[in-house]
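Visitor: I should like to understand how the terms used for a structure are justified. May we go through some of them together?

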Amino acid sequence: MNSNYTHLGKKEWGKLIQLFKSPEDEDSRATLVQHMGQILFGLQDFLKKNVGVTEEISLLKISKSFQDTVVNEKPENRMAEVITDIIEEIAPQAVNVSSPYFVGHMTSAIPFFMIHLKSIVAALNQNVVKLETSKVVSLIERQVIAKIHRILYDQSESFYKEHVQSITTTLGVFTEGGTAANMTALWVARNTMLKPRNNFEGVEEQGLLEAYKEYNIERSVILVSKRGHYSLRKIGGILGIGSKNVISVDVDSKHRIDLNHLNSTIAELQKKNIGIIAVVGIAGATETGSIDPLKELSSICKKNDIHFHVDAAWGGPTILSSKYRNLLDGIELADSVTIDCHKQFYMPMSCGMVHFKNPDHMKVVEYHAKYIIRPGSVDLGIKSFAGSREANSLILDSSLKILGKDGYSMLIDHGIELAKDFAKEINKRDDFQLITAPVLNILTYRYCPVKIQQKLKKADHDSLKNINEVLNEINISLQRLQREAGNSFVSRTEFCDLRFKDVKNVVLRTVLMNPLTNIEILNNILDEQKNLVKESDELIELYNKLDL
Ligand SMILES: Cc1ncc(COP(=O)(O)O)c(C=O)c1O
């Protein structure tokens, strides 16, 4: 009947509807069952067998296969063939982030049941922007946000009873990731600082120019240490204050925010009549895993009436570890907290969340429309920066039930203790230098023979700079050659030298969150690096420049 609407006729319409509902035929079904069976019930083996550790073919070469920009009128392939193509042609060129040898980034292995949960979420296809497309799932989101809020802020039973499903208040919201969570927190902070007063309707309504006039300020800023994630600069741009007004505060030798520098920066800004939207404390810096002194930051913010946001995108779930939760002491004093679920909650891409201590705080970002998110409704879209979004809360809620706090605690403890053991191994070896000892499960080191380490201790500025330039070249090549070899992966970043700030140190970075990674694997990674320096022509040439 409906085929009347298409010029292609009844037969094509029939095929389309068949495909909408199920595989084309038994062959197709069998292929699909085989692939999906492997993915759903043998995830680690499937990834090991089918997905490359890193790209073994140059990106330039691969990109030649992806030049065609025309979408065909007719189906190119049967569904089962398209899926087989992903598994046989695409997956081998993707990165096996779940390999225990892949220890360079914050993206890693996830428990197999996450794939099941993700499939169920896709199957239900709820849209939590509004109750009409999600019903109970919106209530689950509120409940799981309250559960995490309770772990973070530990308010009274009656507080959670009042707010868990309250229509007027909000304890937090799920987001696409850490960037969107930080964005939401700082959006709320900006609107709170530049709120309506007198005839001024607020920055959200009237924009920054009018807000600055009303509040008699020249500009507004966000303060974060030099280890702040780059997303914060982007947010400065999006909020209209300008990315340059996300100001970097110095760090101490352990990469924690320098409180003296913070205090003097605040005093200077206040003298110049510059608005301070927020101070961001980091709980698990992206490059070092370091944690800012959260209690002290909270006192400074309280004293100066500044919004205190904690970016715990990485370190947040440490609060589930009975052994290490004290590392986050002071997080409960934050006005808002970001946590990424696709990091140490081990959820699939992509999911983050932001929590607000004050259940009324998010009212400054409330929006309504006539057809949904009407005033007085439960629609989560009223206070969410995203519009349509998936029911990620179902995954987190289920995972918390499946693993419990204890399960997450064991994962967190494993990473932190493995990092401590790895640091010991690095210290034992003559060819490597530990640069940042782990607080959480991230550490940095570099290839630097012990003789050179001794030389560097006594070196003046110029010779330190010269030696470092060679070391930097070695570590850049080493990281690249190891990645290209395709057996293992560490990442790299760059810090200022502790003695001479204009000298840059390139360092290798490991993030240890995969429970299948162990100290033998990490030793193999160091051995591989040591051998590469001895065996690769490129590195031999650089090594000789060290003049040992
Ligand atoms: C501390 C921190 N904040 C924010 C982010 C941004 O998170 P996302 O990439 O999920 O947007 C990251 C990502 O690595 C991070 O480490």
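Guide: The following questions concern one arginine and then the surroundings of the ligand, in a model that is predicted.

Visitor: Why is Arg190 called buried?

Guide: Arg190, a residue of helix H9 (residues 178-193), has a relative accessible area of 9%. Buried means under 20%, so Arg190 is buried.

Visitor: What makes the pair Arg190 and Glu204 a polar contact?

Guide: The side chains of Arg190 and Glu204 are joined at 3.0 Å. The cut-off for a pair of N or O atoms is within 3.5 Å, and therefore the pair counts as a polar contact.

Visitor: Which residues is Arg190 in contact with, leaving aside its neighbours within four places in sequence?

Guide: They are Val203, Glu204, Leu208, Leu239 and Ile277.

Visitor: How do you know that the side chain of Asp340 makes a polar contact with the ligand?

Guide: An N or O atom in the Asp340 side chain lies 2.7 Å from an oxygen atom of the ligand. This distance is within 3.5 Å, so the pair is a polar contact. The corresponding values are 2.8 Å for Thr286 and 3.2 Å for Lys343. Taken alone, the ligand exposes 390 Å², of which the protein buries 85%.

Visitor: Which element gives the most to the shell around the ligand?

Guide: Helix H9 does, with three residues.

Visitor: How do the residues of that shell divide?

Guide: Two are nonpolar, nine polar and three charged.

Note on methods:
Residues numbered from 1 in each chain as written. Predicted model: local features only at pLDDT ≥ 70, side-chain atom pairs only at ≥ 80, totals over all residues. Heavy atoms only, no water. Helix = DSSP H or I, 4+ residues; strand = E, 2+ residues; numbered from the N terminus. Buried < 20%, exposed > 50% of the residue type's maximum accessible area, 1.4 Å probe, protein only. Polar contact = N/O pair within 3.5 Å; in protein donor to acceptor, adjacent residues only side chain to side chain. Contact = heavy atoms within 4.5 Å. Areas by Shrake-Rupley, 256 points an atom, 1.4 Å probe, with all protein chains shown as cover. Nonpolar A, V, L, I, M, F, W, Y, C, P; charged D, E, K, R; others polar.
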